[in-house]
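User: Could you take a close look at one part of this model for me? I'd like to follow the strand pairing and see how it ties in with the ligand shell and the core.

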Amino acid sequence: APTQPTYRIGFAQCTGGDDWRRAMQEGMERELSFYPNVTLLTRDAQNNSARQVEQIRDLLRANVDLLIVSPNEAEPITPVVEEAFHRGIPVIIVDRRTTSKLYTAYVGANNTEVGQTAGQYVSDLLKGHGNVLEIKGARGASPTADRHMGFGKTLKPGIRVVAEVSGDWEREYVLKRLPAVLKQHPEVDLIFAHNDRMALGAYQVCKQLGLDQRIKLVGVDGLAGPKGGIQLVEDGILNATVLYSTGGEEAIRTALKILRKEPYEKENILETMVINPTNVHMLKVQSDKILSQQQDIRRQQVLQTEQMKLYKSQKVVLYILVVS
Ligand code: FRU
């Protein structure tokens, strides 16, 4: 049988330290299990743009056939991505963007639309009047700018953003920075956080200050699983979240199309939607089912590798028997 060409994909991830990124990595690995001839080299920049530039350079030196990048910040990562592109290495940008059009494909949701969806929902929830506090993601990351812009331009005129807090994507910063701002702004009716981890931090702060009954909370991500945003809405901790899919599987699917010279789309925009009390239960039932199927797939993969090892060792035994 003709042997399949082998490919090496380099993946420069901005951070690997949260459940959303882990779900992305798992999605990639699930999809990769269909292509045993493809290896994925993942590098975790741990939220550091300088480190990410270095890691991309290392991957290029290692002669990867294709590069997947989730840029920690747009500006600092743009030159090295352009350089790779100019050298003819296909580059797939996932989730966060660079500032340039020089890339092969993008996979991810439209973050302006994510902000607009949140703005529309908040306008309805507050019936057109009220005061909002916005907790933003890390400055310099494209989803922060896009979610902020989409949100602001969609709010009804009777709704004011009275304060902004930078949460750098993580709950711990919200726990540190939100209390003082919230004490200065007792008029806040609702908090919009750029992801669910920060929204959960906001909930904990509100609870400490005895404001959790009064202040409404909206997040972004809507991850499945016991600690994900779907569960937070189901438990009534968040009023809503906006679905932001990781696109792990789609990224690998797009990579394989590019490597095999098959037709592909440059812009692969993942769908987004509001998850709120009216649809959360149905979504939870469905996502629990998907998670348990994914666990089955994982168990089968483990079994398969064990069988493969057994088969190989038996072949060796057989060979020894035959030649002796
Ligand atoms: C995960 C994350 C998500 C957020 C995304 C934005 O690392 O912080 O929570 O939606 O990155 O790029």
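**Strands S9, S10 and S12**

Analyst: Let's start at one pairing: Val 242 in S10 has Val 274 of S12 as its bridge partner. Keep in mind that this is a predicted model. S10 covers residues 240–243, and its link to S12, residues 274–275, is antiparallel and made of two bridges.

S10 also pairs with S9, and here the strands run parallel, with four bridges between them. Within that pairing, Thr 241 of S10 sits opposite Gly 219. To get from S9 to S10, the chain passes through helix H8, residues 229–234, in a right-handed β-α-β crossover.

Now for the ligand. S9, which spans 216–221, supplies at least two residues of the shell around the ligand, and so does helix H1, at 19–32. That shell holds 14 residues, of which Trp 20, Arg 96, Pro 143, Trp 169 and Asn 195 come nearest to the ligand. Sorted by class, the shell has six nonpolar, five charged and three polar residues.

And the core? The largest nonpolar core has 76 residues, and the members touching the most others are Leu 67, Ile 68, Val 69, Ile 92, Ala 118 and Ala 202. Helix H7, residues 196–208, gives the most to this core, with seven residues. Nonpolar side chains tend to be buried together in soluble globular proteins. Take Val 69: beyond its neighbours within four places in sequence, Val 69 is in contact with Ala 12, Ile 56, Ile 77, Val 81, Val 91 and Ile 93.

Note on methods. Residues numbered from 1 in each chain as written. Predicted model: local features only at pLDDT ≥ 70, side-chain atom pairs only at ≥ 80, totals over all residues. Near = placed C-beta within 6 Å. Nonpolar A, V, L, I, M, F, W, Y, C, P; charged D, E, K, R; others polar. Core = buried A, V, L, I, M, F, W, Y, C linked by C-beta atoms within 7 Å. Buried ≥ 20, exposed ≤ 12 C-beta atoms within 10 Å, placed from the backbone. Contact = placed C-beta atoms within 7 Å. Pairing = 2+ DSSP bridges. Right-handed = clockwise from strand over helix to strand, strands pointing away.
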